[in-house]
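Reader: I am in my first year and still learning to read structures. Could you pick one loop, look at it closely, and then work outwards into the rest?

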Amino acid sequence: MRKFTEMNGVVAPMDRANVDTDMIIPKQFLKSIKRTGFGKNLFDELRYLDEGKPDQSCEGRPINEDFVLNQARYAGSSVLLARQNFGCGSSREHAPWALEDFGFRVIIAPSFADIFFNNCFKNGLLPIVLDEAIVDRLFSDVAQTEGYSLGVDLIKQQVTTPNGDSFRFDVDTFRKHCLVNGLDDIGVTLEDASAIKSYEERRRKSAPWLFASSNA
Amino acid sequence: MATKTLYDKLWDAHLVKQRDDGSALIYIDRQLLHEVTSPQAFEGLRIAGRQPWRIDANLATPDHNVPTTDRSKGVQGIADPVSRIQVQTLDDNCDEFGIVEFKMADKRQGVVHVVGPEQGATLPGMTVVCGDSHTSTHGAFGALAHGIGTSEVEHVLATQTLIQKKMKNMLVRVNGKVSQGITGKDIILAIIGKIGTAGGTGYAIEFGGEAIQDLSMEGRMTVCNMAIEAGARAGMIAVDQTTIDYVKGRPFSPKGAMWDKAVEAWQDLKSDADAEFDKVVELNGLDIQPQVTWGTSPEMVLPVSAKVPNPAHEQDAVIKEGIERALQYMGLNADMPISDIQLDRVFIGSCTNSRIEDLRAAAKIVKGRTVAASLKQALVVPGSGLVKAQAEQEGLDRIFIEAGLEWREPGCSMCLAMNADKLGQGEHCASTSNRNFEGRQGFGGRTHLVSPAMAAAAAIAGHFVDVREFTV
Ligand code: SF4
């Protein structure tokens, strides 16, 4: 998993409540054997005017010019500003996969759906809960300022606006530890790499047949 | 020193680190990979820029999606695009990471749980995992073996370990001999009938007793294969001479001086005489008759001579409703004799019963006879290319074909109907596989689990019969 300490990124506003995982990534894309490549179908039904199919190139598909992610001023955005209950619906991990693959690293909303919230951390995405009033203000700031960006410092647990206002946010200590160090389950286990290696060395001596390479 | 069960010994030997929260890091000696549960795991490795910890601990083969008919067009010849992509992806991933894979065209390809033991890739005393619940099969070798999820497949690839909590110990002892014609399949179905599909939840089950010791390795694998259907992620059987004779001389097995050392170490792979189990279940071998499942769960099983249960006789409301629902799905009437169930198809195959001994037992029954005219199809799908070759060398293929059964290429096939082999809606199938859930073998399909000999006899008769009447 990618480390997350601090970043500064262009903000894209997703001004609707209860955005569900089906909207984030429609179900026809779940048959994939991959967990990358979902970015091109992120918000597929909102982004394109036709019906998206798996394994189809998105080049040349009719674009919904009104949708935020299709507007030039939000190109390259990495912070998604959202409304309440973001990520509700099914538990599909494809939703954070798609957001992350598209380039988002932070999602700010007044509230998130539970499973989605958890899935974000497993995939290197930082979901930040801020007060409704602050989120409202950020929406209006974004609308007024082209190229509006926010600074996000996970160590200090702080979001900073271009004019220097900052807002503190909460995050679970263990999750913070994992994100800051880029650790997933595998990452945490690999902190014990030396224990695994020394176990392996002992076993190689006591039960060498378990390590013999095959002559198949 | 405290006495230990076989499971305790296997656990202790693989413990890398005990964590404060009660979980532990367990070292994994062997990981088997197939095409359905591995793609996202490899993808995860790639995204994180990780390499497999120990490439030679892995062995792969495609099985769930492969066609069992003509394979001359190779992977490109797989009709269903999703199946084709999964098989192709396994090939690509194994090539990229340098993992040994028996590809579709390789004569060693087959169902992972048949291939591992056949190659000696499953050895006594190992920890064996695979992204497949029937990995419990490998416990027949005195190994600790169980299924894992895709994220755990990635975890094992990357760290050679698994985060686990220790299970409880259960001993299932089958005392005395079984009567002639009773197989490992009948034994395990009888056990599940007794303890239920949740009876083993939270336990590692050790199977013991004279009837288990009398089984061949094939029979033992059948028993351990279905430990998961009794709710236990792992089933196991102590190592004895039968185990050692089976393992000897296989491609991945140790050789020469290393072999002698290994055999010496394997002598200890049994529970101490006075080891304590959290739970002990006993069965009498002679009580076990040929088993047939009548319902939609492996615990809905009865002797072939019995009648389908009547929900009216059931006091417990939950059980009663379960019987009613199963009867409805299965299209059966209460109190009808099991032997009256008319069959549409017969499937002999799957990781439960597709080894050479299974095929021999089935061939013995059908030899010189003909499949009932009422049957739409009777399939024999060997567990691996090597099983297929061996069977052909013994002339079993001719016996099947002459009797009117189809002889196929190795794979999971109609066990879960991910390839083209499936049941039609409402069709009854005598199947040697391990799951009779609703829709398992095809939408609306009705599965009856039996031993290979029972399936063969049913194919001839067109309905269930006591196989012991065929052998006299
Ligand atoms: S044969 Fe059936 S149970 Fe066994 S691995 Fe294949 S699909 Fe699973």
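Author: B:S413 is in the loop of chain B between β17 (406–407) and β18 (428–431). The model is a predicted one, and the values below are computed from it. The backbone angle phi of B:S413 is near 55 degrees, a positive value in a residue other than glycine. Most residues other than glycine have a negative phi. B:S413 is also buried, because its relative accessibility is 0%.

A similar point comes up in chain A. A:F43 has a phi near 50 degrees, again positive in a residue other than glycine. A:F43 lies in the loop between α1 (21–24) and α2 (44–47) of chain A. With a relative accessible area of 0%, A:F43 is buried. A further positive phi, of about 75 degrees, belongs to B:G120, just after α4(B).

The ligand comes next. Around it stand B:H64, B:V111, B:H113, B:D132, B:H134, B:S350, B:C351, B:C412, B:C415, B:L416, B:N434 and B:R440. By type, this shell has five nonpolar, five polar and two charged residues.

One residue of that shell, B:H113, is also a residue of α4(B). Why is helix α4 (residues 112–119) of chain B described as largely enclosed? Eight of its eight residues are buried, so the rest of the structure largely encloses the helix. These residues are B:V112, B:H113, B:V114, B:V115, B:G116, B:P117, B:E118 and B:Q119. Among the elements of chain B that cover them are β3 (30–33), β6, α8 (217–225), α9 (241–247) and α13 (385–393).

From β6 the path leads to a neighbouring strand. Strand β6 (residues 127–130) of chain B pairs with β7(B) in the parallel sense, over four bridges. Within this pair, B:V128 is opposite B:A145 of β7(B). Strand β7 (residues 144–147) is covered on both faces: B:L144 and B:H146 are buried on one side, and B:A145 and B:G147 on the other.

Another strand of chain B can be read in the same way. In β15 (residues 345–348), B:R345 and B:F347 point one way and B:V346 and B:I348 the other, and all of them are buried. This strand pairs in the parallel sense with β16 (residues 377–380) of chain B, over four bridges. The bridge partner of B:V346 in β16(B) is B:A378.

Now consider a histidine. B:H155 belongs to helix α5 (residues 150–159) of chain B. B:H155 counts as buried because its relative accessibility is 4%. A polar atom of the side chain of B:H155 lies 2.9 Å from the backbone oxygen of B:T161. Leaving out residues up to four places away in sequence, B:H155 touches B:Q160, B:T161, B:L162 and B:I163, as well as A:D185, A:I186 and A:T189 of chain A.

The nonpolar core can be approached through its members. The largest nonpolar core has 93 residues, and those with the most contacts inside it are B:I187, B:I191, B:F207 and B:W266. Helix α6 (residues 184–195) of chain B contributes the most to this core, seven residues. A second core, separate from this one, has 58 residues, including A:A98, A:L99, A:F121 and A:V135. Back in chain B, the contacts of B:F207 beyond four places in sequence are B:V172, B:I188, B:I191, B:I212, B:V223, B:C224, B:A227, B:G235, B:M236 and B:I237.

B:E210 makes a useful contrast with the buried residues above. This glutamate is in helix α7 (residues 210–213) of chain B. B:E210 is partly exposed, because its relative accessible area is 34%. Its contacts outside its neighbours within four places in sequence are B:V174, B:G176 and B:K177. From B:E210 to B:D335 there are 125 residues in sequence and 34 Å in space, C-alpha to C-alpha.

Finally, chain A as a whole. It contains eight helices and seven strands. Its C-alpha atoms fill a box of roughly 70 × 40 × 25 Å along the principal axes. The chain has 216 residues, and 51% of them count as buried. Of the contacts in chain A between residues at least 6 apart in sequence, 64% join residues at least 24 apart.

Notes
Residues numbered from 1 in each chain as written. Chains lettered and ligands numbered in written order. Predicted model: local features only at pLDDT ≥ 70, side-chain atom pairs only at ≥ 80, totals over all residues. Heavy atoms only, no water. Helix = DSSP H or I, 4+ residues; strand = E, 2+ residues; numbered from the N terminus. Buried < 20%, exposed > 50% of the residue type's maximum accessible area, 1.4 Å probe, protein only. Polar contact = N/O pair within 3.5 Å; in protein donor to acceptor, adjacent residues only side chain to side chain. Contact = heavy atoms within 4.5 Å. Near = heavy atom within 4 Å. Nonpolar A, V, L, I, M, F, W, Y, C, P; charged D, E, K, R; others polar. Core = buried A, V, L, I, M, F, W, Y, C linked by side-chain atoms within 4.5 Å. Pairing = 2+ DSSP bridges.
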